[in-house]
Amino acid sequence: VWIRGDRVVPVEQRKGPFWRHSRPDHMLMMSPYHLSDANLLDYLSAIEAFDPVFGLALPSVLVLFAKRMLDEGRLYRGRSLRGFVTSSETLPATDRRLIEKAFSCKVFDWYG
């Protein structure tokens with residue numbers, strides 16, 4: 001799964017889904033620009049249904065997911081996820097722990 005700064009769907013699009021399945025890359029590409037509190041669980045359900053082995057995401061996006069999940073007493077329900085690679089933003093240790101707890105996987109921060 002890929003949730004980074006890319007324009008996956010037109011910015012003016014108002015109705016979901018706000019993600020696309022790239023079959024050649026076997027990747028679920030999700031728009032961070034359309035993510036909101038109202039559709040966050042739709043995004044999460046799409047990730048769980050896709051069941052990726054790993055993801056690349058902005059730390060701030062994963063923190064949004066993790067806080068909502070933990071506030072609702074819910075953990076990630078997919079089976080294959082082994083880790084997330086984060087980049088482009090600072091990843092404080094507290095956020096790393098929050099994400100790892102909610103998604104039950106490791107977070108690898110990359111800066112390059």
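Is Ser 104 buried or exposed? In this predicted model, Ser 104 has a relative accessible area of 52%, so it counts as exposed, the cut-off being over 50%. The residue is found in the loop between α3 (93-103) and β6 (106-109). Its backbone is also of note: Ser 104 has a positive phi of about 55°, although it is not a glycine. Most residues other than glycine have a negative phi, and most peptide bonds are trans.

His 26 is another non-glycine residue with a positive phi, here about 45°. It sits in the loop between β2 and β3, and its relative accessible area of 58% makes it exposed. A further backbone feature occurs in the loop between β1 and β2, where Pro 17 is found. The peptide bond that leads from Gly 16 to Pro 17 is cis, with omega near 10°.

His 26 also takes part in the lining of the largest pocket. The volume of this pocket is about 160 Å³. Its other lining residues are Val 1, Met 27, Phe 50, Asp 51, Pro 52, Val 53, Phe 54 and Leu 56. Sorted by class, the lining comprises seven nonpolar residues, one polar residue and one charged residue. Because Asp counts as charged, Asp 51 is the charged member of this lining. Phe 54, also in the lining, belongs to strand β4 (residues 54-57). With a relative accessible area of 49%, Phe 54 is partly exposed. Between Phe 54 and Asp 95 there are 18 Å in space, C-alpha to C-alpha, and the two are 41 residues apart in sequence.

The charged side chains come next. How many salt bridges does the count come to? The count is three. In one of them, Asp 37 pairs with Arg 68, and the closest N and O atoms are 2.9 Å apart. Asp 37 lies in the loop between β3 (27-30) and α1 (40-50), whereas Arg 68 lies in helix α2 (residues 59-71), so this pair ties together parts that are 31 residues apart in sequence. Asp 37 counts as exposed, at 57% relative accessibility.

Arg 68 also meets Glu 72 in a salt bridge, at 2.7 Å from N to O. Glu 72 is partly exposed, with a relative accessible area of 44%. Asp 37, Arg 68 and Glu 72 are thus linked in a network of salt bridges.

Another salt bridge joins Arg 74 to Glu 48, with 3.0 Å between the closest N and O atoms. This pair links distant parts of the chain, 26 residues apart: Arg 74 is in the loop between α2 and β5 (83-86), and Glu 48 is in helix α1. Both Arg 74 and Glu 48 are buried.

Arg 4 is buried as well, yet it has no salt bridge. Why does Arg 4 have none? The nearest side chain of opposite charge, Asp 6, is 5.1 Å away, and a salt bridge requires the nitrogen and oxygen to be within 4 Å, so the pair does not qualify. The side chain of Arg 4 instead makes polar contacts with two serines: one of 2.7 Å with the side chain of Ser 87, and one of 3.0 Å with the side chain of Ser 88. Arg 4 itself is found in the loop between β1 (2-3) and β2 (19-22).

Note on methods:
Residues numbered from 1 in each chain as written. Predicted model: local features only at pLDDT ≥ 70, side-chain atom pairs only at ≥ 80, totals over all residues. Heavy atoms only, no water. 1 Å grid on protein atoms, 1.4 Å probe; cavity = no way out; pocket = protein on both sides within 12 Å on 5 of 7 lines; lining within 4 Å. Points joined across faces, edges and corners; volume = space filled by probe spheres on them. Helix = DSSP H or I, 4+ residues; strand = E, 2+ residues; numbered from the N terminus. Buried < 20%, exposed > 50% of the residue type's maximum accessible area, 1.4 Å probe, protein only. Lys, Arg positive; Asp, Glu negative; His and termini not counted. Polar contact = N/O pair within 3.5 Å; in protein donor to acceptor, adjacent residues only side chain to side chain.
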